[in-house]
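Reader: I should like to learn how to read the features of a protein model. May we work through one together?

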Amino acid sequence: MTTTTTHKQDEFVLEATRAGIHRPPLYKVLLLNDDYTPMDFVVIVLQKYFGMNRERATQVMLQVHTEGMGMCGIFTKDVASTKVEQVVSYARKHQHPLACVMEESE
């Protein structure tokens with residue numbers, strides 16, 4: 001949305017333009033199922049990096065296990081990217097192949 005206001009000052013016409021503000025696109029952070037990462041480790045990741053309580057983390061972990069993926073949260077692009085990097089790095093540090101990805105939210 002652009003708003004234009006015209007003011008006359010001496011012989012010049014001044015136009016002030018105000019550009020509309022758009023919200024940044026949001027991204028879903030998803031955990032993907034694998035056959036090797038322990039369920040307890042997934043719960044720990046969800047608590048540590050997404051601030052979930054144990055009950056909510058367990059629900060998401062079970063969704064990952066049964067449906068193949070589970071949503072951890074919706075964030076701006078930079079935050080989502082950082083969360084993905086943190087989770088993958090933490091999983092590799094503990095020698096687990098846990099996959100974490102992001103996709104643009106609708």
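Author: The turns below go from the overall fold to one helix, the core and one loop residue. Please keep in mind that this is a predicted model.

Reader: Which elements make up the secondary structure of the protein, and in what order do they run from the N terminus?

Author: One begins by listing helices and strands. Here there are three helices and five strands, and from the N terminus on they run β-β-β-α-α-β-α-β. One then asks how far apart in sequence the contacting residues lie. Among contacts with a separation of 6 or more, 62% join residues 24 or more positions apart.

Reader: How should I read a single helix, for example α2?

Author: Start with its span. Helix α2 covers residues 54-67, and its 14 residues reach 20 Å from the first C-alpha to the last, close to the 20 Å expected at 1.5 Å a residue. Then inspect its two ends. At the start, a side-chain oxygen of Asn53 comes to within 3.2 Å of the backbone nitrogen of Glu55. After the helix comes Gly68, with a positive phi near 95 degrees.

Reader: Which residues of α2 are buried, and which are exposed on the other side?

Author: A residue counts as buried when its relative accessible area is under 20%. In α2 the buried residues are Ala57, Val60, Met61 and Val64. These residues lie on the same side of α2 because they cover an arc of only 100 degrees around the axis. On the other side, Glu55, Thr66 and Glu67 are exposed.

Reader: What do the buried residues of α2 pack against?

Author: Their partners are β3 (26-32), α1 (39-50) and β4 (69-76).

Reader: How do I read the nonpolar core?

Author: In soluble globular proteins, nonpolar side chains tend to be buried together. The largest nonpolar core here has 24 residues, of which Val29, Leu31, Leu46, Phe50, Val87 and Leu98 touch the most other members. The elements giving two or more residues to this core are β3, α1, α2, β4 and α3 (77-93), and α1 gives the most, with seven. Not counting residues up to four places away in sequence, Phe50 touches Val29, Val45, Cys72, Phe75, Lys83 and Val87.

Reader: Is Thr37, in the loop between β3 and α1, buried or exposed?

Author: Loop residues are judged by the same area. Thr37 is buried, because its relative accessible area of 11% is under 20%. Its side chain reaches the backbone nitrogen of Leu98 at 3.3 Å. Leaving aside residues up to four places away in sequence, Thr37 touches Val42, His96, Pro97 and Leu98.

Technical notes
Residues are numbered from 1 along each chain as its sequence is written. This is a predicted model: local features need pLDDT of at least 70, side-chain atom pairs count only at pLDDT 80 or more; totals for chains, interfaces and linings use all residues. Side-chain values use heavy atoms; hydrogens and water are left out. Helices (H or I, at least four residues) and strands (E, at least two) are DSSP runs, numbered from the N terminus. The expected span of a helix is 1.5 Å times one less than its number of residues. Buried means under 20% relative accessible area, exposed over 50%, partly exposed in between (1.4 Å probe, protein chains only). The arc is that of the directions from the helix axis to the C-beta atoms. Contact means heavy atoms within 4.5 Å. A polar contact is a pair of N or O atoms within 3.5 Å; within protein, one must be able to donate a hydrogen and the other to accept it, and residues adjacent in sequence count only if both atoms are side-chain atoms. A nonpolar core is a set of buried Ala, Val, Leu, Ile, Met, Phe, Trp, Tyr and Cys residues joined through side-chain atoms within 4.5 Å.
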